[in-house]
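Dear colleague,

Please find below the structure that I promised to pass on to you. My notes on what was found in it follow directly after.

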Protein chains: 2
Amino acid sequence: MGFYENDEDAFLPLRDVVFKQLREEILYGKLKPGERLMEIALSERLGVSRTPVREGIRLLEKEGLVVMLPRRGAHVASITAKQLEDVLEARRTLETFAVNACCARITHARFEELNEANRKFAEAVDTRDLRQMADTDTAFHNIIIDTAGNEKVKELLVSLKEQIFRYKYEFMKEMDDPTRLVREHDQIVKAIGESRSDKAVELLRMHIDSQAIAIYRKIK
Amino acid sequence: MGFYENDEDAFLPLRDVVFKQLREEILYGKLKPGERLMEIALSERLGVSRTPVREGIRLLEKEGLVVMLPRRGAHVASITAKQLEDVLEARRTLETFAVNACCARITHARFEELNEANRKFAEAVDTRDLRQMADTDTAFHNIIIDTAGNEKVKELLVSLKEQIFRYKYEFMKEMDDPTRLVREHDQIVKAIGESRSDKAVELLRMHIDSQAIAIYRKIK
DNA sequence: TAGTGCGCCATTGTATACAAATAAAAAGAC
DNA sequence: GTCTTTTTATTTGTATACAATGGCGCACTA
């Protein structure tokens, strides 16, 4: 391992380094919702000046991970039950669109990727490694979204999912039977493979909604 | 008229003043797609330092109105045919969701607002004032979106529409019969009034698609 | 003791100076 | 004459200094 934790960051503008670092800390719970992000403290901790910290925070705001109040600084975005509902509804709307488009465009190779991705997710579920589970689940859904072929929808979904990732992560901790998610994925894959787009849409809707309900219960 | 062009800007952070000013110039065509935004030139023109200019540009990036390349500065976002398609598809997906939700939640008062908004749009069409037409059309659609009651969907739609506003604006210039839009709005209002959500969704889809095709023809 | 006003301190907002990098122009080699 | 190399100028990236604001505590008053 080199001097830098992540070699590819070596030539990135500092604002992006700050962004990635803080993003990581927010998504995986090191920085908690509501926590205040103070520029001077962060610039000292990260070893850069205030300027790239400010700009990194602006990038986080763009992703919806922090909220800024003029003269009152930046806070890690927390979420109300209503906001969570809204985000999940938006996600469901866009992701059902995506799975429908995916059915129309999927190739054999992509279909195999999808199967493989769910196999990896199943593996992660077996190990009960939370981070691994979250990442492989995201990867699975991303293949569907990529296959849909709409870059803007993809961009919006990435942002929406990040905004609730932290809560989903917390929720997965306490899930009794995560293998159910694997089975749900399998059903979706099957429907896509059979080009039954209506069924795939309905299964995905249920898949998202069941998670929505669980997360919602946690936050309420 | 006071010293400031817009009094409410007087106490706003400069980054927001810069943001609003440049946003206006981009949306209404003073700054053209692809044009480069250079920090020093802008800071001189707007009479502020580079810092708020940089931050204002970051806000424009968040709205998708400019794109930034590291070390190569910011450009007014231009759009390829594919990107336009993607944005319009995303908009259609979210706005048909919105009109469906709107049907379920609309009150009598809101319904009257909707009628009134389309009356104002019809007025603007009569005068052929392009800016007025664009603004009242936006207002009409926004009532539907507001009534749907999903803040996140609203936020996403505002952003998506801004990204194509400029092209829509150009397209309206050359439209032979803009009164057709008024009639389409009327049909949508009627369907909402009769709580026929399926019909409203279908009409809105067609309304958006017909514009999409026209804009698409212009850009291709 | 409760309430109000004043002043200090921490923090964000803005300006500016300097460093680094890119692109364009000029010089040189073949 | 064209291609390569070097130089130079312009522009963005980063650091830092200073200004302005808002919150908080303390003192003063009723």
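By class, the residues of the surface near DNA strand D divide into eight nonpolar, three polar and nine charged, where Ala, Val, Leu, Ile, Met, Phe, Trp, Tyr, Cys and Pro count as nonpolar, Asp, Glu, Lys and Arg as charged, and the others, Gly among them, as polar. Before going further, please keep in mind that this is a predicted model, in which local features need pLDDT of at least 70 and side-chain atom pairs count only at pLDDT 80 or more, while totals for chains, interfaces and linings use all residues. Residues are numbered from 1 along each chain as its sequence is written, chains are lettered from A and ligands numbered from 1 in the order in which they are written, and side-chain values use heavy atoms, with hydrogens and water left out.

DNA strand D

The strand is surrounded by 20 residues, of which Leu14(A), Arg15(A), Ser49(A), Thr51(A) and Arg71(B) are the closest; a residue is near a molecule or strand if one of its heavy atoms lies within 4 Å of it. Of the atoms of DNA strand D that come within 4 Å of the protein, 64% belong to sugar and phosphate. Polar contacts (a pair of N or O atoms within 3.5 Å; within protein, one must be able to donate a hydrogen and the other to accept it, and residues adjacent in sequence count only if both atoms are side-chain atoms) include two to backbone atoms: a phosphate oxygen of the strand is 2.6 Å from a polar backbone atom of Leu14(A), and a phosphate oxygen is 2.7 Å from a polar backbone atom of Ser49(A). Arg71(B), by contrast, has a side-chain N or O atom 2.9 Å from a base oxygen of DNA strand D.

Both chains contribute to this surface, since at least two residues each come from α1 (14–27) and α3 (50–62) of chain A and from β1 (36–37), α2 (39–46) and α3 (50–62) of chain B; helices (H or I, at least four residues) and strands (E, at least two) are DSSP runs, numbered from the N terminus. The element that gives the most is α3(A), with three residues.

DNA strand C

Around DNA strand C there are 20 residues, and those that come nearest are Arg50(A), Leu14(B), Arg15(B), Ser49(B) and Thr51(B). Sugar or phosphate makes up 65% of the strand's atoms within 4 Å of the protein, and the rest belong to bases. Three arginine side chains of chain A each place an N or O atom by this strand: Arg36(A) at 3.3 Å from a sugar or linking oxygen, Arg50(A) at 2.9 Å from a base oxygen, and Arg54(A) at 3.2 Å from a phosphate oxygen. The elements giving two or more residues to this surface are β1, α2 (39–46) and α3 of chain A, together with α1 (14–27) and α3 of chain B, and the largest share, three residues, comes from α3(B). The residues here divide into eight nonpolar, three polar and nine charged.

Between chain A and chain B

In chain A, 25 residues are in contact with 25 residues of chain B, contact meaning heavy atoms within 4.5 Å. The two chains bury about 2,200 Å² between them, 57% of it on carbon and sulfur atoms, where buried area is the accessible area (1.4 Å probe) that two parts lose on being put together, summed over both. On the side of chain A, Arg58(A), Lys62(A) and Lys152(A) lose the most area to chain B, together 22% of what that side buries.

The count between these chains is six salt bridges, each a side-chain nitrogen of Lys or Arg within 4 Å of a carboxyl oxygen of Asp or Glu. Glu61(B) forms a salt bridge with Lys62(A), with the closest N and O atoms 3.6 Å apart. In addition, 14 residue pairs are in polar contact across the interface, both residues being at pLDDT 80 or more. On the side of chain A that touches chain B, α3, α4 (81–105) and α7 (151–173) each supply at least two residues, and the largest share, eight residues, comes from α4(A).

Arg54(B) forms a salt bridge with Glu55(A), the closest N and O atoms being 2.8 Å apart. Arg54(B) lies in helix α3 of chain B and Glu55(A) in helix α3 of chain A, so this pair joins two chains.

With best regards
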